[in-house]
Amino acid sequence: MAIFTGRIGIAAARSYNSMVRPKSKEYRRSELRNPASKNLDRMSALKIVRLMNREDGKVATAVGRALPAIARAVEAIVKAIHSGGRLIYVGAGSSGRIAVLDAAECPPTFGTPPSMVQALLAGGRAAMTGAVEGAEDSLANAVHDLRAIKLARNDVVVGICASGTTPYVLAALQFARKRRATTIAITVNRNTPVARLAKILIATEVGPEVLTGSTRLKAGTSQKMVLNMLTTAAMVRLGHIYENLMIDVKASNRKVSERMVRILADASGKSLSASEHALRQSGHNLRTALVMLKLHVRADEAGTRLRRAKGHLRAALGE
């Protein structure tokens, strides 16, 4: 995550301001009042959570309607990473924090380098735990943050904003287009400026929130679901999964170390003790250990087979 400051031209700033200028009547569904919750302050705790649960039930349906676009985004991400590119999330507020969470989980889950999936949050690290005044309105910071990580043509930039009008995200997508990077937008409001800047639009139209305008609720839940799909599906397609097992998970603590043994036992059909022994022999490399157990070879030969297969586990196993 990069935090920088800088300037962009006055003309560019005026262009963005015209894109996000409020209209006389609110047109974003995420900002409208939800008729079902107009008496929210008079409800009992049970009625409130029942209503929220009922509204949350609409989120999966809304995400379901966006699955074709999500699948296109996955394929674009896979193509980019195959060509040496990166997945770069850009967001502000709750949307940006959800993006940071998803990016942070990729290295321990899939064994990927931290640079492969990154998240730029308006306001930087301070914005993770508190509001940073004016951060999401900064056009200059978005451009400077992307310049700082040397945005390239083979990268994918995913702008995440529930409203579809966040200046920081709009500026980032506009700059990405100029650099000819692939642009993806995730929003809950289809007919908004962010849609016009994205090559692929993922619009999860979840409707008005129980608490008017609080898009950390249904909108945030839908964003989390979409990001789960983007990185999980992309990493599966990139070969970081064997069957439905986290074959590239890294041992970051005792719980994960124990999980690695169970993963190897499940994948190989061998006992826990045999799996633990193979993991030690392989230097705690799950891929190498799996080849050892399934093909009954030593660690050095398993490593050679994986190198010849260019890391493709199924190919190394002859499957």
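This note goes through the overall make-up of a predicted model and then looks at one helix and three single residues.

1. Taken as a whole, the protein has 14 helices and five strands, and its C-alpha atoms fill a box of roughly 70 × 50 × 35 Å when this is taken along the principal axes. Of its 319 residues, 49% count as buried.

2. Among the contacts in the protein with a separation of 6 or more, 68% are accounted for by residues 24 or more positions apart. The protein exposes about 16200 Å², and carbon and sulfur atoms supply 50% of that area.

3. On charge, the protein has 49 positive and 23 negative charges, and the mean positions of these two groups are 5 Å apart.

4. Helix α7 covers residues 167-178, and from its first C-alpha to its last this 12-residue helix reaches 16 Å, which is close to the 16 Å expected at 1.5 Å a residue. The helix is mostly covered, since nine of its 12 residues are buried; the buried residues include Tyr 168, Val 169, Leu 170, Leu 173 and Phe 175, along with Pro 167 and Ala 176.

5. After α7 comes Arg 180, whose phi is positive, near 65 degrees, and which is placed in the loop between α7 and β4 (182-187). Arg 180 counts as exposed because its relative accessibility is 55%, and the cut-off for that class is over 50%. Although Arg 180 and Leu 151 are 29 residues apart along the chain, their C-alpha atoms are separated by 9.7 Å.

6. Ile 200 has its place in strand β5, which covers residues 200-203. With a relative accessible area of 8%, Ile 200 is buried, as the class requires a value under 20%. Leaving aside residues up to four places away in sequence, Ile 200 touches Ala 69, Arg 72, Ala 73 and Ala 76, and it also touches Thr 183, Ile 184 and Ala 185. From Ala 36, by contrast, Ile 200 is 164 residues away in sequence and 32 Å away in space, C-alpha to C-alpha.

7. Ser 95 lies in helix α4, which covers residues 93-110. Which class does Ser 95 fall into, buried or exposed? Its relative accessible area is 8%, so Ser 95 is buried. When residues up to four places away in sequence are not counted, Ser 95 touches Ile 160, Cys 161 and Ala 162, as well as Gln 223.

Definitions and conventions
Residues numbered from 1 in each chain as written. Predicted model: local features only at pLDDT ≥ 70, side-chain atom pairs only at ≥ 80, totals over all residues. Heavy atoms only, no water. Helix = DSSP H or I, 4+ residues; strand = E, 2+ residues; numbered from the N terminus. Expected span 1.5 Å × (residues − 1). Buried < 20%, exposed > 50% of the residue type's maximum accessible area, 1.4 Å probe, protein only. Contact = heavy atoms within 4.5 Å. Areas by Shrake-Rupley, 256 points an atom, 1.4 Å probe, with all protein chains shown as cover. Lys, Arg positive; Asp, Glu negative; His and termini not counted. Charge placed at Lys NZ, Arg CZ, Asp CG, Glu CD.
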